[in-house]
Amino acid sequence: MATVKQLSFPEPETFKCPNCHESITLFDPDGSEFCICGSCNSFIRFVTAYTPKVQKNVPPVKAKPLIPLGAEGTLKDHKFRVIAYLEKKEKGTSYGWKEYLLYNYEKGYATLSEFNGHWNFIVDKIWEPSLEKAYSDSGTATHNNIEYRIFNKYTPVITGLIGEFDWDVMEDHPRVNEYIAPPFIISREVGNSGSNKAQYFWGEYTEPEEIAEGFGLNADSFPPKVEIGANQPSRQGASFDTLAKVSILAALAVLLVVFLFRAIRPERELLNSDFNISFERNSTDSTSYLGSSSGTYEYKPFLSSSFEQPYGKTTLEIEVRANVDNSWMEATVVLVNEGTNETWEVTKGIEYYHGYESGESWSEGSKSQSIILSKIPEGKYHLNIYPASGDPTQTYLHIAVTANVMMWRNILLVWLLLSIYPIISYIRWTSFERKRWMSSDYSPYETDN
Amino acid sequence: MDIKPLKYYIGFMLVILFYFGYATWNGITFWADKAEKNTEYTNTNRGHFGSGARFYHK
């Protein structure tokens, strides 16, 4: 057993390899039972504290450990000393990764794993006692009320190792299920040391900068990240819940502003009247009407009665309705401020056509049109109206003027603006997740395969 | 609720909400009809009438 419940790291000790007689340093001399000679790759067991015995040869490591054996550092608020380095691969594939065995003098072992530049800090139930209550099936694992989704199943094979251990690491042939809930990962191992009991390990995605800082290394010497790590957290995903809540609050705030202002300045009808309309006679030929020769009948212009706009600046809606039937009418409406003579002029066409064709009824257009005017100041107003139509039978125009109308389009525009970032964020998040799950055989997303 | 990563969005959101409140109070609509101002004085752009102002409203 690793030496635990100490106040500091034990003093390293050296001994001669029984095979090649090269010097080997043990960093937990009382706790380590097995070690590897870095010179001849002998796998050595201490039969007693002072009796090393070569058991077999093990494959040498291919790469120099990025964090050297014996290096001490602080990670996740605990002090660690690196005591072993392993190179592993998935059985039957070429996917390889590296593991650093970390020794802590209070609790024992933890592991740092690195695959494609993505690092995980992994602990067992000594560090995370709630792992005793973890459970899993083929699709999910649950730990601390967090559901983890299956990401990978494999059998690891050691392809190289160096350092020291308190167990016979070469006898481990576990079957591993990995479940993820980024930034966390649960590893369920069955078959360690010949046991069929499932062991759970819990890992947390760790940025290389944190590891480099903890061990006093240069982060630039760490391998660059390739693709997306199994449990690499998504920046968009991590903040999306909050983003969604803030956005909903903002959308409700928009409605609150509208209803608050409408309570102070309610919508008010200023004018609502039918106006009879008649033709203008030609000045040269009193039997014909002005413009009738071109098919456009010009009606006599008329004034509405005066009305008071009581608010400060407000939105005015002028609704113009005509009884057009397979015809059109055009009205130029001039809003006149009687106090300042300021005017606003808008021309609107009203057309409504309908019929029956190929066994189906159809219609297009409308019998009314709305004119929306912005920032109309307080004051007394009237309308000058100049109607024209392609139909000489029109007899009236209905005009309604309303102040402070509900501007749903304003609200929708603001909602649209407020939703742009959440929508982009959501798209980027799902895109990130799709890329993550491309490395898994258990993707919840549809794949081409 | 950690809002620190969203500080720029929240800043943008507050600007939008503030302008929306200002626009609502001042009757500014983002989809107003394009109105010609003070045409009763010049009266050169009414499509189907070529004559001068019909109403003297001063």
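The points below concern a predicted model and take up a helix contact between chains, the confidence of chain B and an aromatic pair.

1. Helix 2 of chain A (residues 235–264) and helix 1 of chain B (residues 7–25) have axes that come within 10 Å and cross at roughly 15°. Because angles under 35 degrees count as roughly parallel, these two helices are roughly parallel to each other, and helix 2 of chain A passes helix 1 of chain B in a right-handed crossing.

2. On the side of chain A, the residues of helix 2 that make this contact include Leu243(A), Val246(A), Ala250(A), Val254(A), Val257(A) and Phe261(A), while among those contributed by helix 1 of chain B are Tyr9(B), Met13(B), Leu17(B), Phe20(B) and Trp25(B). By class, the contact of the two helices has 15 nonpolar and three polar residues, with no charged residues.

3. The mean pLDDT of chain B is 74, with 66% of the residues scoring at least 70. Among the elements of chain B, helix 1 has the highest mean pLDDT (93), whereas helix 2 (residues 39–42) has the lowest (62). Over residues 43–58 of chain B the pLDDT is below 50, although this stretch has 41 contacts in the model beyond near neighbours in sequence. Where pLDDT is low, the predicted coordinates should not be read in detail.

4. Over all chains, the count of aromatic pairs comes to 24. One of them joins Tyr85(A) and Tyr100(A), a tilted pair at 5.1 Å centre to centre with 50° between the planes. Tyr85(A) lies in strand 7 (residues 78–90) of chain A and Tyr100(A) in strand 8 (residues 96–104) of chain A, so the pair ties together parts that are 15 residues apart in sequence.

Methods: Residues are numbered from 1 along each chain as its sequence is written. Chains are lettered from A and ligands numbered from 1 in the order in which they are written. This is a predicted model: local features need pLDDT of at least 70, side-chain atom pairs count only at pLDDT 80 or more; totals for chains, interfaces and linings use all residues. Side-chain values use heavy atoms; hydrogens and water are left out. Axes are lines fitted to C-alpha atoms, for helices over the stretch in contact, and angles run from 0 to 180 degrees between N-to-C directions. Helices (H or I, at least four residues) and strands (E, at least two) are DSSP runs, numbered from the N terminus. Angles under 35 degrees count as roughly parallel, over 145 as roughly antiparallel, 65 to 115 as roughly perpendicular and the rest as oblique. A crossing is left-handed if the near helix is turned anticlockwise from the far one by less than a right angle, and right-handed if clockwise. Contact means heavy atoms within 4.5 Å. Ala, Val, Leu, Ile, Met, Phe, Trp, Tyr, Cys and Pro count as nonpolar, Asp, Glu, Lys and Arg as charged, and the others, Gly among them, as polar. pLDDT is the predictor's confidence in each residue, from 0 to 100. Rings of Phe, Tyr and Trp (its six-membered ring) pair if their centres lie within 6.5 Å; planes under 30 degrees apart count as stacked, over 60 as edge-to-face and the rest as tilted.
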